[in-house]
Amino acid sequence: MASSTLTIPAPSGVNPINVIDITFSLANDLYFIPSCRTTPKLSLFIETLGAGQVAFSSNDEIRVNADYIQGFSGDLKKEITGILYHEVVHSWQWNGNEQAPMGLIEGIADFVRLKAGYAENWMQPGSGNKWDEGYQVTALFLDYCNGLRNGFMAELNKRMRAGYSDNFFFELLGKTVDQLWSEYMAKYKTIHIRLFQCSF
């Protein structure tokens with residue numbers, strides 16, 4: 001797997017972002033080596049996208065919304081790095097031959113962002129309404145699952161190479177995904193109740 005480096009010109013007053021020697025550093029966060037897709041080339045574009053859009057990835061091209069960057073008021077370097085971690089995952093992950101829920105695909109990308117340490121100001125674990133809601137909700141659930149069996153995410157990605165089934169969760173963790181979600185929610189509901197009680 002060849003190394004890729006992207007340098008993002010930054011707005012005035014901000015140091016340039018030398019983001020990605022993403023190959024092995026990101027791949028280790030992905031827990032996917034050696035089962036990830038081969039991506040010989042990634043292209044990055046910073047341009048004006050639709051209102052409310054942050055970024056998207058398609059056909060190994062990452063597009064980041066220039067308006068979002070311009071209007072971001074926090075640590076821009078961390079935010080852009082986190083966005084790129086998320087978007088680069090889409091070029092390396094398997095998607096179950098397009099059978100996997102889109103919320104799972106986006107959740108895996110955010111899981112990598114979380115494990116890389118670029119998940120500031122996220123919602124609390126135990127948030128959300130369903131396991132494949134996507135993004136942060138699913139990422140935090142996947143982190144819980146990976147805590148039950150180290151390497152779970154690598155195995156899940158490996159199985160998603162040719163297709164997808166919710167049964168993968170049972171095969172890897174011995175419980176259905178709905179059971180796992182219920183137990184995850186119950187765990188954090190209890191923690192939230194304790195924290196609430198301690199605040200009085």
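**Exercise 1. Determine how the residues lining the largest pocket of this predicted model divide by class, and which elements supply them.**

Step 1. Sort the lining by residue class: the residues divide into 12 nonpolar, 14 polar and 10 charged.

Step 2. Turn to the pocket itself, for which the computed volume is about 830 Å³. Its lining comprises 36 residues, and those closest to the centre of the pocket are H86, E87, H90, E106 and Y135.

Step 3. Assign the lining to secondary structure. At least two residues each come from β4 (55-58), α3 (76-92), α4 (102-115) and α5 (135-148), and α3 gives the most, with six residues.

**Exercise 2. Describe how α3 packs against α4, starting from the geometry of the axes and ending with the residues in contact.**

Step 1. Two packed helices are described by the angle between their axes and by the distance between those axes. For α3 and α4, the axes come within 8 Å and cross at roughly 135 degrees.

Step 2. Classify the angle: roughly perpendicular covers 65 to 115 degrees and roughly antiparallel begins over 145, and α3 and α4 are therefore oblique to each other. The handedness of the crossing between α3 and α4 is right-handed.

Step 3. List the partners. On the α3 side the contact is made by E79, G82, I83, Y85, H86, V89 and H90, while α4 contributes I105, E106, I108, A109, D110, V112 and R113. By class, the contact of α3 with α4 contains seven nonpolar, three polar and four charged residues.

Step 4. Compare with the pocket: H86, H90 and E106, which take part in this contact, are also among the residues closest to the pocket centre.

**Exercise 3. Work out how α4 is oriented relative to α5, and which residues of the two helices meet.**

Step 1. The axes of α4 and α5 come within 7 Å, and their crossing angle is roughly 70 degrees.

Step 2. An angle from 65 to 115 degrees counts as roughly perpendicular, and α4 and α5 are therefore placed in that class. As with the previous pair, the handedness can be stated: α4 passes α5 in a right-handed crossing.

Step 3. From α4, the residues G103, L104, E106, G107, I108, D110, F111, L114 and K115 meet Y135, Q136, T138, A139, L140, L142, D143 and N146 of α5. This contact of α4 with α5 holds eight nonpolar, five polar and four charged residues.

**Exercise 4. Establish the orientation of α5 and α6 (residues 152-159), and the make-up of their contact.**

Step 1. The two helices pack at an angle of about 110 degrees, and their axes are 8 Å apart.

Step 2. Because this angle falls within 65 to 115 degrees, α5 and α6 are roughly perpendicular to each other.

Step 3. The contact is made by L142, C145 and N146 of α5 together with F152, M153 and L156 of α6. Its classes are five nonpolar, one polar and no charged residues.

**Exercise 5. Locate D60 and N97, and decide what is notable about the phi of each.**

Step 1. Most residues other than glycine have a negative phi.

Step 2. D60, in the loop between β4 and β5 (61-65), has a phi near 60 degrees, a positive value in a residue other than glycine.

Step 3. N97, which lies in the loop between α3 and α4, likewise has a positive phi, near 55 degrees, without being a glycine.

Technical notes: Residues numbered from 1 in each chain as written. Predicted model: local features only at pLDDT ≥ 70, side-chain atom pairs only at ≥ 80, totals over all residues. Heavy atoms only, no water. 1 Å grid on protein atoms, 1.4 Å probe; cavity = no way out; pocket = protein on both sides within 12 Å on 5 of 7 lines; lining within 4 Å. Points joined across faces, edges and corners; volume = space filled by probe spheres on them. Helix = DSSP H or I, 4+ residues; strand = E, 2+ residues; numbered from the N terminus. Nonpolar A, V, L, I, M, F, W, Y, C, P; charged D, E, K, R; others polar. Axes fitted to C-alpha atoms, helices over the stretch in contact; angles between N-to-C directions. Parallel < 35°, antiparallel > 145°, perpendicular 65-115°, else oblique. Left-handed = near helix turned anticlockwise from the far one by under 90°. Contact = heavy atoms within 4.5 Å.
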